[in-house]
Amino acid sequence: MIRRYGARAWKNIHVTRKAHLADLIDVDNSSAGVQQPTGFAVLRQAAETFESLIQEARQQNIRLRALGSAWALTDIAVTDGWLINTKMLNGCFDLTDQYFEATYPEPKRPLLALAQCGISINELNIYLERGQNSPIRRAMKTSGIGAGQTVAGAFSGNTHGSAIQFGSTPDFVVGILDRQTLVESIGGNPTGLRGEVLDRRQRPAGQ
Ligand SMILES: Cc1cc2nc3c(=O)[nH]c(=O)nc-3n(C[C@H](O)[C@H](O)[C@H](O)COP(=O)(O)OP(=O)(O)OC[C@H]3O[C@@H](n4cnc5c(N)ncnc54)[C@H](O)[C@@H]3O)c2cc1C
C-alpha cells in the first residue's frame, strides 16, 4: 500500500541536506484488502506499486527517487520530485534448491537469503542468524558503525568498508530481482518467482 504525505520540506537524518519535495510517499507490504500478501506475493505487490507510481510520475513529468533510511550524507537521495520511502519493504526469504542455477554450489545455497530493498542491515542480520528454513546461523561479513541503513541504500552507496579478505556491501549481493521481472511474473506464476535475475556472469545465482 502507499501513503502520500504531499508537498513538504524534507531533510536527511544528519541534516546535511534539505529539500522541498513535491510529495513524500511511503510504500509498505500491507494490502487494502482483508487478505494480506504472504511469501513472494509480497515482492510482486511492491513491484506493482512501483510500476504504477512510475507510470503516474511519467505522465505528470515528475522525477522519482527511492529513499532508504536517509543516512547518506551527500545529495544522492535528494529530489524536488517524489521521494519514495522504501524502508518498510523489509521482507526476507530463504530459497529452496528450485530457485538456483544448477551451477550454483550446493554448500553455498543455505548462505543466501532473498532480501527486500528496504530491510535494514540490523533486521537482515537478525534474519540471517535466526533464519526461516536455514539449518545454519549466518551473519554479514562486515557492518558499518551503525546498522540502520537499508540494504539497497548501503549497496547503492558502496558502503560498509571492506577488509583484506572481502569487499564492502555490494560484494555480498549475488543477484538483483528487478521490478520488471517481478511485474512480468505476476500473471505467469502467482506462487513462484520467474524471470531473469540480474547477476554476475561468472557466478550465476538463480532462475
Ligand atoms: C550513523 C551513520 C553511520 C554510518 N556508518 C557507516 C560506516 O561505518 N561505513 C560506511 O561505509 N558508511 C557508513 N554510513 C553511511 C551510510 O551507510 C550510507 O550513506 C548508506 O548509503 C545509507 O543507506 P540508506 O539506507 O540510509 O540509504 P539512503 O541514504 O536513503 O539512500 C542512499 C542511495 O540509495 C538509493 N536507494 C535507497 N533505497 C533504494 C531503493 N529501494 N531502490 C533504489 N535505490 C535506493 C537512494 O536513492 C540514494 O541514491 C553511515 C551513516 C550514518 C548516518
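A residue counts as buried if 20 or more other C-beta atoms lie within 10 Å of its own C-beta atom. A70 has 20 such neighbours, so A70 is buried. The model behind this briefing is predicted. The protein chain has 207 residues, and buried residues make up 24% of them. Its secondary structure comes to 4 helices and 10 strands.

**Overall layout**

- From the N terminus on, the order of elements is β-β-β-β-α-β-β-β-β-α-α-β-α-β.
- Take the contacts in the protein chain between residues at least 6 apart in sequence: 57% of them join residues at least 24 apart.

**Nonpolar core**

- In soluble globular proteins, nonpolar side chains tend to be buried together.
- The largest nonpolar core here has 24 residues.
- V27, A46, L67, L83, I84, L124 and V151 touch the most other members of this core.
- Five elements are listed as each supplying at least two residues of this core: β4 (23-27), α1 (41-60), β6 (82-85), α2 (121-130) and α3 (151-156).
- Beyond its neighbours within four places in sequence, V27 contacts I2, A46, T49, I84, N85, T86, M88 and L89.
- Two of those partners, A46 and I84, are also among the core residues that touch the most other members.

**Helix α1**

- α1 has 20 residues, which at 1.5 Å a residue should span 28 Å.
- The end C-alpha atoms of α1 are 29 Å apart, which agrees with that expectation.
- L43, R44, Q45, A46 and F50 are buried in α1.
- N61 comes just after α1 and takes a positive phi of about 55°.

**Loop residue I62**

- I62 is in the loop between α1 and β5.
- I62 has 15 C-beta neighbours inside 10 Å, so it counts as partly exposed.
- Outside its neighbours within four places in sequence, I62 contacts A22, A57, G81 and W82.
- A22 and I62 are 40 residues apart along the chain, yet their C-alpha atoms are separated by 8.6 Å.

**Helix α2**

- Which residues of α2 are buried? They are I121, L124 and Y127.
- These three cover an arc of only 125° around the axis, so they sit on the same side of α2.
- The exposed residues E129 and R130 are on the face of α2 turned away from its buried side.
- β7 (92-94), β8 (113-115) and α3 are included in what covers the buried residues of α2.
- G131 follows α2 and has a positive phi, near 70°.

**Shell around the ligand**

- The ligand is surrounded by 27 residues.
- G68, A72, G144, G153 and G157 are the closest of these.
- By class, the shell has 12 nonpolar, 14 polar and 1 charged residues.
- β5 (64-67) and α3 each supply at least two shell residues.
- The largest share, 4 residues, comes from α3.
- α3 thus has several roles in this picture: besides the shell, α3 supplies at least two residues of the largest nonpolar core and is part of what covers the buried residues of α2.

**Buried loop residue G91**

- Buried or exposed: which is G91? G91 is buried, because 21 other C-beta atoms lie within 10 Å.
- G91 is in the loop between β6 and β7.
- Leaving aside neighbours within four places in sequence, G91 contacts N29, V42, L43 and Q116.
- One of these partners, L43, is a buried residue of α1.
- The C-alpha atoms of G91 and C117 are separated by 8.4 Å, with the two residues 26 apart along the chain.

**Positive phi without glycine**

- A70 is not a glycine but has a positive phi of about 65°.
- A70 lies in the loop between β5 and β6.
- N158 is not a glycine either, and its phi is positive at about 55°.
- N158 is in the loop between α3 and β9 (175-176).
- Why does N158 count as partly exposed? The reason is its 13 C-beta neighbours inside 10 Å.

Note on methods
Residues are numbered from 1 along each chain as its sequence is written. This is a predicted model: local features need pLDDT of at least 70, side-chain atom pairs count only at pLDDT 80 or more; totals for chains, interfaces and linings use all residues. A nonpolar core is a set of buried Ala, Val, Leu, Ile, Met, Phe, Trp, Tyr and Cys residues joined through C-beta atoms within 7 Å. A residue is buried if 20 or more other C-beta atoms lie within 10 Å of its own, exposed if 12 or fewer, and partly exposed in between; C-beta atoms are placed from the backbone. Two residues are in contact if their C-beta atoms, placed from the backbone, lie within 7 Å. A residue is near a molecule or strand if its C-beta atom, placed from the backbone, lies within 6 Å of it. Ala, Val, Leu, Ile, Met, Phe, Trp, Tyr, Cys and Pro count as nonpolar, Asp, Glu, Lys and Arg as charged, and the others, Gly among them, as polar. The arc is that of the directions from the helix axis to the C-beta atoms. The expected span of a helix is 1.5 Å times one less than its number of residues.
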